[in-house]
Amino acid sequence: MSRKKIIALVVVVFLLWGIFSLAGLFWKKSGDKIETLLTVIALIKSQYYQPVSTEKLINGAIKGMVEGLDDPYSTYLDPEQFKHLNEQITGTFGGVGLIVTMEENHIVVVKPIPDTPAAKAGIKAGDIIVNISGRDTKGMDLDTAVSLMRGPVGTRVEVGILRPGEKETRMFTLVRENITIPTVESKMLDDKIGYIMLSQFTENSPQAVRKAIGDLKKKGMKGLIFDLRDNPGGELKAAVEIADIFVPRGKTIVYVDYRNQPDEEEKAEEPELGIPVVVLVNGGSASASEIVAGALKDWGVAVLVGEKTFGKGVVQSIFRLPGNAGLKLTVARYLTPKKHDINKKGIMPDVVVKQPAGSKEDRQLLKAKEILAEKIK
């Protein structure tokens, strides 16, 4: 190494040592580990057979630190991933139009958004994404998979799909478009029963749900089916605002239980909807969906129909880091109004109805209509 590179390396090491020395005030017992980390950085910088930037090493160390929590919901987000997450929260982004989830370590399509590149190409709910742009998705986290499928409008991405019952991978070349997530779909099922499907909790979801309810009331709605099946969640604030539509004013919607700060209790501020409601849930209903379902079940303002929910009863906060990176970190757990902890347990519906795979008949929806028709009488 040249003299200048050696001096630069020493400066970097001393800067890092200064940072970790401050941290050492809090982690006195970790001095040997910190020294080991600095030694590894110095060895890689000086001995690795290819040049490696200090930034890359630090990013790797941060990512490994977060992964060491063994928490699937906490993750370090590089600037590109952080940008994509913010786009998802606001509901608009450049992508292919797939809503995906994680099932048994596979990236699985929940549904293609209508009139998007993925839907037009023929990708279906239940398809397993096995590779994205040549990268194997085995062991890949959900955020990484989503970020790989998103990108500038007009660019191409290749997605490999394994369809259940097939052995050969289908390859789809998709051109990214500007995608706006239609989080709410609504319609009248007959002259008295309204139906609202919410696919995700975004900033715009509460306003969209209120508008849908208003439109359905004008059409004569006397009872509502609120479909939260396969809704993976989203913003806590959106969940509270939507639950507020149904929960009586002054009643608790959710408790947020922190470790190092006072707990929060979110209460309903609006008058309740005041008509019979059935909420549809299944194993894909998670997080914010469970906040709403749990509140409505605890206060008896809705009948839950379907299958046990996913069981994600923890809350993440998004922190902006220097350099436009981000940290999604689990900071609390939430409890239902009756203080049920549903993390890794889920919520059991009032009426359990199994939906056979591949069945064209929506048994859960039919049961919901039956229950509402009786209540409306």
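Here is a short friendly exchange about the packing in this predicted model.

Me: Which residues touch the most other members of the largest nonpolar core?
Reply: Happy to start there. This core has 44 residues, and the elements that give two or more residues to it include β11 (193-198), β12 (223-227) and β18 (325-335). The residues that touch the most other members are F226 and F246.

Me: Which element gives the most to this core?
Reply: Several helices take part, and α7 (205-218), α8 (236-246) and α9 (288-298) are among the elements that give two or more residues. With seven residues, the element that gives the most is α8.

Me: Which residues does F246 contact, leaving aside its neighbours within four places in sequence?
Reply: F246 is one of the two residues that touch the most other core members. Leaving aside those sequence neighbours, its contacts are I213, L224, F226, E272, L273, V277, L296 and V301.

Me: How many residues are in the second, separate core?
Reply: This core is separate from the one just discussed, and V96, V157, V159 and L174 are included in it. Its number of residues is 18.

Me: Are α7 and α8 roughly parallel or roughly antiparallel?
Reply: In α7, S205, P206, V209, R210 and I213 meet A238, E241, I242, I245 and F246 in α8. The two axes come within 8 Å and cross at roughly 25 degrees. Angles under 35 degrees count as roughly parallel, so α7 and α8 are roughly parallel.

Me: How many of the 11 residues of α9 are buried?
Reply: Good one to check in the structure. The buried residues of α9 pack against β12, α8, β13, β15, β16 (303-306) and β18. Among them are I291, V292 and L296. α9 is mostly covered, and its number of buried residues is 10.

Me: What phi does G300 take?
Reply: G300 comes just after α9. Its phi is positive, at about 65 degrees.

Me: Why is the pair of Y48 and Y49 edge-to-face?
Reply: Y48 is partly exposed, with a relative accessible area of 43%, while Y49 is exposed, at 65%. Their ring centres are 5.1 Å apart and their planes lie at 65 degrees. Planes over 60 degrees apart count as edge-to-face, so this pair is edge-to-face.

Me: Which residue lies over the face of Y255?
Reply: Two lysines are worth a look here. K312 lies over the face of Y73, at 4.6 Å from the ring centre. For Y255, the residue lies 4.7 Å from the ring centre, and it is K339.

Terms used
Residues are numbered from 1 along each chain as its sequence is written. This is a predicted model: local features need pLDDT of at least 70, side-chain atom pairs count only at pLDDT 80 or more; totals for chains, interfaces and linings use all residues. Side-chain values use heavy atoms; hydrogens and water are left out. A nonpolar core is a set of buried Ala, Val, Leu, Ile, Met, Phe, Trp, Tyr and Cys residues joined through side-chain atoms within 4.5 Å. Buried means under 20% relative accessible area, exposed over 50%, partly exposed in between (1.4 Å probe, protein chains only). Helices (H or I, at least four residues) and strands (E, at least two) are DSSP runs, numbered from the N terminus. Contact means heavy atoms within 4.5 Å. Rings of Phe, Tyr and Trp (its six-membered ring) pair if their centres lie within 6.5 Å; planes under 30 degrees apart count as stacked, over 60 as edge-to-face and the rest as tilted. A charge sits over a ring if NZ of Lys or CZ of Arg is within 6 Å of the ring centre and within 35 degrees of the ring normal. Axes are lines fitted to C-alpha atoms, for helices over the stretch in contact, and angles run from 0 to 180 degrees between N-to-C directions. Angles under 35 degrees count as roughly parallel, over 145 as roughly antiparallel, 65 to 115 as roughly perpendicular and the rest as oblique.
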